[in-house]
Amino acid sequence: MSDNDRYAMLIGVSTYESDRYHDLPPVRADLHYMQAVLESTEIGMYNDCAVVAEPTRAEMLHAIETFLEERQSSETALLYFSGHGEFCEADNQLYFLTRDADPDDLPGTAVPAEFLERMLQSCRASSKVVLLDCCSSGSVVQGWTAKGASDTSGRPPRSGRRTRSLWPAPWPAPSTSPRRPATPPKQPRPPLRW
């Protein structure tokens, strides 16, 4: 792997215009430390790590689309989101909340997980990693379709393409973050591959 083939986009929303969503000040630290780890020459070795802080819906849609469309087949694309997530039962969809999200109109004011799935499917990067630090992130695993080998033995697929598993973060980090449940799930979730 060469020095220039790892690209990351870190998206974080800590403040919300709607009074119905509480602000998440720890998100700012999440972005800072994630960027530091990924750009570290001893750990992540990502040469390009873009940070999108406090985006509106339009800004987040544009940033994700541009980032994933620019990726080439020799590259790794990592996308990280930290902020509120909300599952909408009306359309059975997870939404990533942006600073201008309206709880009465999530489809029109937040970013649907379905959009991210479509963008990932069309992305040319040979390796794609998605890290979601938001409520309801587990609903994404059940809703997205897995790609690659269905073998769960841990062996890489024979196609030669690298895959990464998506695992939502169900346990609380050693912080006071109110965003995750306090108990682990009863059954492990299968990995998701693109």
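Visitor: Where does Met45 lie?
Guide: This is a predicted model. Met45 is not part of a helix or strand here; its place is the loop between helix 1 and strand 2.

Visitor: Is Met45 buried, partly exposed or exposed?
Guide: Buried would require under 20% relative accessible area, and exposed over 50%. Met45 has 39% relative accessibility, so the class is partly exposed.

Visitor: What is the phi of Met45?
Guide: Met45 is not a glycine, yet its phi is positive. The value is about 60 degrees.

Visitor: Which residue in the loop between strand 2 and helix 2 has a positive phi?
Guide: The loop leads from strand 2 to helix 2 (57-70). Phi there is near 55 degrees in a residue other than glycine. That residue is Glu54.

Visitor: In what order do the four strands of the open sheet stand?
Guide: The pairing is parallel. Strand 2 (48-53) and strand 7 (127-133) each have a single partner strand, so they stand at the edges. The order is 2-1-3-7.

Visitor: What is the average twist from one strand to the next?
Guide: The sheet is open, with four strands. From one strand to the next, the twist averages 10 degrees.

Visitor: Which residue of strand 7 stands opposite Tyr80?
Guide: Strand 3 (residues 76-82) runs parallel to strand 7, and seven bridges join them. Opposite Tyr80 in strand 7 stands Leu131.

Visitor: What angle does helix 1 make with strand 1?
Guide: Helix 1 (residues 26-39) packs on the sheet. It touches strand 1 (6-12), strand 2, strand 3 and strand 7. Its direction and that of strand 1 make an angle of about 170 degrees.

Visitor: Is the pair of Phe81 and Phe96 stacked, edge-to-face or tilted?
Guide: The ring centres are 5.2 Å apart. Stacked needs planes under 30 degrees apart, edge-to-face over 60. The planes stand at 55 degrees, so the pair is tilted.

Visitor: How many residues apart are Phe81 and Phe96?
Guide: Phe81 is buried at 3% relative accessible area, and Phe96 is buried at 2%. Phe81 sits in strand 3 and Phe96 in strand 5 (residues 93-96). The pair links distant parts of the chain, 15 residues apart.

Visitor: Which residue's backbone oxygen lies 3.1 Å from a polar side-chain atom of Ser126?
Guide: Ser126 is in the loop between helix 4 (113-122) and strand 7. Ser126 is buried, with a relative accessible area of 12%. The backbone oxygen at 3.1 Å belongs to Ser73.

Terms used: Residues numbered from 1 in each chain as written. Predicted model: local features only at pLDDT ≥ 70, side-chain atom pairs only at ≥ 80, totals over all residues. Heavy atoms only, no water. Pairing = 2+ DSSP bridges. Helix = DSSP H or I, 4+ residues; strand = E, 2+ residues; numbered from the N terminus. Axes fitted to C-alpha atoms, helices over the stretch in contact; angles between N-to-C directions. Contact = heavy atoms within 4.5 Å. Buried < 20%, exposed > 50% of the residue type's maximum accessible area, 1.4 Å probe, protein only. Polar contact = N/O pair within 3.5 Å; in protein donor to acceptor, adjacent residues only side chain to side chain. Phe/Tyr/Trp six-rings, centres within 6.5 Å; stacked < 30°, edge-to-face > 60°.
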